[in-house]
Amino acid sequence: MEAPAMTNLLDKEIKRGSTEMLILALVEDRPRHGYEIAKLIEERSDGVLQFHVASLYPLLYRLEKRGLIQGRWVEKAGERRRRFYKLTPAGKKVLAEQRQTWADFFGALERVAKIKPA
Amino acid sequence: MPDWKPLVRQRLALLRLSPEREIEIVEELVLHLEAAYEDALAAGWSAAAAEARAVHGYDWRLLECELSRLERPWHPPAQTVEWLERRGGMRMESLWQDLRFGARMLLKQPGFTLIAIVTLALGIGANAAIFSVVNTVLLRPLPFKEPERLVLLRETKLPQFPEFAVSPANFLDWQKQNTSFERLVGMRPVNLNLTGTGDPERLRGLSVTEGMVALLGIQPQLGRGFLPEEHQPGKSNVVLLSHALWQRRFGGDPKIVNQTISLDGQSYTVTGVMPATFHFWERDTELWTPISFTTQQAQNRGGHNLSRVVGQLKPGVTFEQARTEMVTIAGRLAAQYPEVSTGSNVMLMPLLDFTVRRIKPALLVLLAAVAFVLLIACANVANLLLARAAGRQKELAIRTAMGAGRGRVVRQLLTESMLLSLAGGVAGLLLATWGTRLLLALAPPNLPRLSDVSLDGRVLAFTALVTLLTGVIFGLIPAWQATRPNLNETLKDAGRGSTEGGRQFVRNGLVVLEVAAALVLLVGAGLMIKSFWRLQQVDPGFNPDKAMIATVSLPKRKYPEEPQQVAFFQQLLEKVSTLPGVQSAGAITVMPLSDDDFVLGFDIGGRPPLPPGAGQSTNYYSVSADYFKTMGIPLRRGRLFTERDTKDAPHVALINETMAQRIFPNEDPLGKRINFKGGDKPDWYEIVGIVGDVKHYGLAQQTTLQTYEPYTQQTFSTMTLVARTTGDPLALSAAIRNAVLSLDKEQPVSSLRTLDQLVSTSIEQQQFSMLLLGVFAAVAMLLAAVGIYGVLSYAVTQRTHEIGIRMALGAGQREVLRLVVGQGMRLTLLGVATGLVAAFALTRLMAALLFSVSATDPLTFAAIAVLLLLVAFVACWIPARRATQVDPLIALRAE
């Protein structure tokens with residue numbers, strides 16, 4: 001019974017660590033709102049990665065709290081206001097660091113387990 | 001498009017975010033749901049499926065947990081997914097958790113909780129208090145050995161006399177001939193003057209035939225009961241003292257046994273002292289003496305002076321068997337002695353039933369009344385819970401969505417209502433202890449067994465049961481309502497569709513029920529008040545204002561001759577009538593309304609004697625000449641008694657109007673002669689006048705035939721003095737006592753009180769019932785008003801949006817008022833109509849308590865209905881006024 005639990009835990013941790021980077025990456029080039037972020041992750045991963053609101057928004061708030069992204073309400077004529085998130089300079093730095101970490105990680109994985117990152 | 005906002009907000013409410021933060025998060029999450037929903041629609045999903053997909057994205061537990069960690073990091077670590085799951089009821093099965101959560105939910109809304117508990121405490125407390133009285137008076141066995149075997153026997157002579165005292169000869173025959181009873185004990189009250197130690201005092205006592213101690217199974221605390229030979233003439237100067245008398249007059253002297261005391265001028269040997277807890281018949285009985293029949297008395301079949309005969313059934317003999325046997329014996333005796341006993345029979349009744357029969361109907365009506373109050377309280381709390389459940393609907397729906405079964409949620413809600421009723425029950429019990437004390441303070445002292453009232457195990461059990469039932473009754477409806485809607489509907493509807501309609505229906509139903517129950521109670525109280533008012537309007541036949549009465553009983557030993565007795569009272573009347581302020585003074589043998597009577601059969605001169613059993617009887621009084629003037633009893637025809645009506649003058653009598661009409665319908669009674677049976681030879685009295693009727697047995701009772709004779713011609717040793725004054729009658733008491741003591745320093749005075757007190761004492765039981773019923777009805781009306789107000793207030797809040805639109809579209813204050821008041825008054829009218837029907841059926845049960853008012857008195861019914869409508873109107877008006885204050889813009893934006 002222990003093995004699956006371990007796998008689960010690992011899976012969770014990897015997901016958590018990686019989703020942070022995914023969000024930062026998605027708001028790197030331009031501000032996006034929450035639903036857009038969730039959609040993009042789902043679309044670009046061909047449905048492999050799915051976000052429930054339940055985990056997405058708390059994560060967004062956490063990132064905002066840590067100063068990595070910044071949310072702002074934007075009102076457009078004829079539309080309801082939406083909250084857009086953009087990357088902060090601090091976020092930029094962290095994103096770069098994480099990219100490096102993941103690149104190192106995948107390099108190591110490949111060398112050990114012959115896994116090719118997509 | 002479904003309205004997601006309430007759903008999200010409700011969920012987040014549990015996190016207790018700051019308002020600004022909550023608005024932001026809610027808005028963002030709602031945007032997300034909307035976008036997901038629209039995308040699903042665009043992708044070709046049906047509306048329902050699109051909704052399901054959008055909701056699917058919500059892992060509520062996780063969201064709540066994550067947000068909680070994020071937004072409230074200071075919150076104790078207990079707030080984990082596991083904790084939330086337990087709150088959601090997925091795993092938690094233990095009652096303890098339910099209780100803790102319930103308590104927390106209740107404490108979150110202290111205002112609501114307090115109102116609910118107070119309401120319940122009132123209902124439960126009133127029930128516990130009245131039940132403790134019912135329990136003590138009607139249910140608790142009499143405090144004697146094997147009380148269920150004790151039976152009371154009286155004679156009857158239908159149709160005139162449903163029951164009356166037993167004659168010694170009949171009693172002795174019953175004793176000899178029956179096989180059903182272990183023993184029969186006859187008793188009669190006796191009043192004795194105690195002299196010798198301290199002030200002379202008139203004591204209330206009971207004379208008993210052989211076997212009282214064995215009958216009741218209560219041994220004297222000191223000494224012994226009466227020996228058989230002490231029931232023989234000449235040996236019966238022995239006495240048993242009550243514990244109270246022993247303490248009060250003899251300082252609890254342990255050597256009192258075998259000492260002698262002076263009663264009515266004779267010396268009596270004390271055989272013992274009864275225990276402090278021993279009470280029988282009258283509570284203030286202070287001594288017991290043996291009855292001894294002389295040979296002549298033992299043959300007396302026409303004089304009925306054993307007021308009560310109590311029998312102890314033999315083991316195994318049923319009440320019915322004993323009755324059958326006794327009826328046979330009585331029939332045999334009636335046939336054997338036709339001239340005195342034709343038509344006579346015997347009445348048997350369990351002693352407990354006899355003791356409480358006068359108070360029983362009132363108590364049962366009061367018990368029903370408090371049950372109604374509790375019902376109304378339950379309806380109110382159920383309404384509160386329903387309003388609260390409406391606010392919690394999303395929470396409950398989400399719980400259900402998360403897998404909590406309906407039963408599980410019902411259990412949680414019932415736990416909460418049980419917690420409420422439990423708190424209400426405890427508070428109610430406190431109220432009851434206090435209320436019972438108040439009740440006893442207000443209760444007339446002559447109600448049987450009332451002083452023994454206490455909260456015992458049975459009252460506690462009753463209260464616990466009532467509390468439990470209460471919790472289920474008012475908790476079940478909201479719980480059932482709250483768990484009825486299915487998840488999708490609730491989420492979609494945002495709480496304004498069919499489920500809210502259903503809930504409103506139940507709430508409305510509860511209001512109708514409350515109004516109906518309040519109306520029944522109010523009608524009951526109204527009838528009692530009207531009845532009591534009528535009773536107070538009854539002319540007693542005399543003027544009770546500013547008069548003092550006092551009873552003087554001359555001991556036969558000291559005043560054996562009639563002239564001595566006449567001389568004593570003559571001097572006393574002279575002394576009293578010359579006291580300052582006294583207008584006149586008179587005396588009578590048996591005071592009207594005094595719970596005592598003297599009834600005699602009579603013959604009319606010149607008429608053939610009536611056949612046995614067909615004789616008439618009249619209340620008999622011996623009075624002084626000034627009695628009528630002093631009492632304010634009017635002379636209708638002829639003349640009153642004068643000083644010249646002495647023993648040697650021709651004997652004269654007065655009769656009342658009722659007697660003149662009934663006995664002399666077509667002739668002039670003046671000049672006719674009347675003779676009372678029982679004497680050795682006829683003693684004819686000439687009727688010289690007709691006086692006004694006097695109520696003897698009570699204001700509510702029929703006027704009886706009444707005959708008066710001058711006490712100078714027919715003398716008695718016990719007389720009640722009446723003195724009318726111009727000032728405060730009570731100020732006379734010391735002067736009257738002194739006047740008596742100045743004539744004989746060993747002569748006590750008893751029953752000193754105003755004539756007014758005598759009258760009010762005679763109706764205080766009705767007054768007590770009326771007071772209690774009135775209080776309960778007032779509470780019921782208040783609760784019903786609060787209920788109507790609560791429902792309408794809630795409805796106004798719910799309809800703020802609609803009212804806003806109406807006002808935006810041009811509806812004026814008048815229309816809004818009409819809308820809201822109309823809604824409330826429709827409910828009230830329905831309740832009033834229901835209540836009128838119920839009251840019509842129920843008030844008949846209290847007909848026995850009413851005097852001169854029909855149980856379906858249309859005026860009372862109409863007046864109460866109008867009163868209730870008025871109160872309801874005020875309860876409607878306040879929320880309606882608030883509705884007119886709605887700012888259309890704000891109302892619209894709130895959506």
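Biologist: Is A:E64 buried or exposed, or something in between?
Modeller: In this predicted model, A:E64 counts as partly exposed, because its relative accessible area is 21% and the buried class ends under 20%.

Biologist: And what does the side chain of A:E64 meet?
Modeller: The side chain of A:E64 forms a salt bridge with that of A:R83, at 2.6 Å from N to O. A:E64 sits in helix α3 of chain A and A:R83 in strand β3 of chain A, so the bridge ties together parts that are 19 residues apart in sequence.

Biologist: Is A:R83 buried or exposed?
Modeller: Buried: A:R83 has a relative accessibility of 8%.

Biologist: OK, β3 then. What sheet is that strand in, and in which order do the strands run?
Modeller: It's an open sheet of three strands in chain A, ordered β1-β3-β2, with antiparallel pairing. The edge strands are β1 (32–33) and β2 (69–74) of chain A, each paired on one side only.

Biologist: How many bridges hold β2(A) and β3(A) in register?
Modeller: Six bridges, in the antiparallel sense. Along that pairing, A:G71 has A:Y85 in β3(A) as its bridge partner, and A:R72 stands opposite A:F84 in β3(A).

Biologist: Which side chains of β2(A) point to the buried face?
Modeller: A:I69, A:G71 and A:W73 point to one face and are buried. A:Q70, A:R72 and A:V74 point to the other face and are not buried.

Biologist: Back to A:F84 for a second. Which helix residue is in contact with A:F84?
Modeller: That's A:E36, in helix α2 (residues 34–44) of chain A. Leaving aside neighbours within four places in sequence, A:E36 is in contact with A:R30 and A:F84. A:E36 is buried, with a relative accessible area of 18%.

Biologist: Switching to the interface. How many residues are in contact between chain A and chain B?
Modeller: There are 21 residues of chain A in contact with 21 residues of chain B. The two chains bury about 2100 Å² between them, and 56% of that is on carbon and sulfur atoms. In chain A, A:Y35, A:V53 and A:Y61 lose the most area to chain B, together 30% of what that side buries.

Biologist: What about salt bridges across chain A and chain B, how many are there?
Modeller: Two salt bridges. In one of them B:E27 pairs with A:R81, the closest N and O atoms being 3.0 Å apart. There are also eight residue pairs in polar contact between the chains, with both residues at pLDDT 80 or more.

Biologist: Which elements of chain A make up the side that touches chain B?
Modeller: The ones giving two or more residues are α2, α3 (53–65) and β3 (82–87) of chain A. The largest share, nine residues, comes from α3(A). By type, the residues on that side of chain A divide into ten nonpolar, three polar and eight charged.

Biologist: Stepping back, how many salt bridges does the structure hold over all chains?
Modeller: It holds 32 over all chains. One in chain B joins the side chains of B:R301 and B:D173, at 2.9 Å from N to O. That pair links distant parts of the chain: B:R301 is in the loop between α11 (295–298) and β10 (308–313), B:D173 is in helix α8 (residues 168–177), and they are 128 residues apart.

Biologist: Are B:R301 and B:D173 buried or exposed?
Modeller: B:R301 is buried at a relative accessible area of 11%, and B:D173 is buried at 10%.

Biologist: Got another one, say with B:K647?Modeller: The side chain of B:K647 meets that of B:E562 in a salt bridge, 3.0 Å from N to O. B:K647 lies in the loop between β16 (635–638) and β17 (652–656) of chain B and B:E562 in helix α21 (residues 562–577) of chain B, so the pair ties together parts that are 85 residues apart in sequence. B:K647 is partly exposed, with a relative accessible area of 42%, and B:E562 is partly exposed at 29%.

Biologist: Which residues are joined into one network by salt bridges that share partners?
Modeller: A:D29, A:R30, A:R32 and A:E36.

Biologist: Last one: where is B:A625, and what is B:A625 in contact with?
Modeller: B:A625 is in the loop between β15 (617–623) and α22 (627–631) of chain B. Apart from neighbours within four places in sequence, B:A625 is in contact with B:F641, B:T642 and B:E643. B:A625 and B:F641 are 16 residues apart in sequence, with their C-alpha atoms 4.9 Å apart in space.

Terms used
Residues numbered from 1 in each chain as written. Chains lettered and ligands numbered in written order. Predicted model: local features only at pLDDT ≥ 70, side-chain atom pairs only at ≥ 80, totals over all residues. Heavy atoms only, no water. Helix = DSSP H or I, 4+ residues; strand = E, 2+ residues; numbered from the N terminus. Buried < 20%, exposed > 50% of the residue type's maximum accessible area, 1.4 Å probe, protein only. Contact = heavy atoms within 4.5 Å. Buried area = accessible area lost by both parts, 1.4 Å probe. Salt bridge = Lys/Arg side-chain N within 4 Å of Asp/Glu carboxyl O. Polar contact = N/O pair within 3.5 Å; in protein donor to acceptor, adjacent residues only side chain to side chain. Nonpolar A, V, L, I, M, F, W, Y, C, P; charged D, E, K, R; others polar. Pairing = 2+ DSSP bridges.
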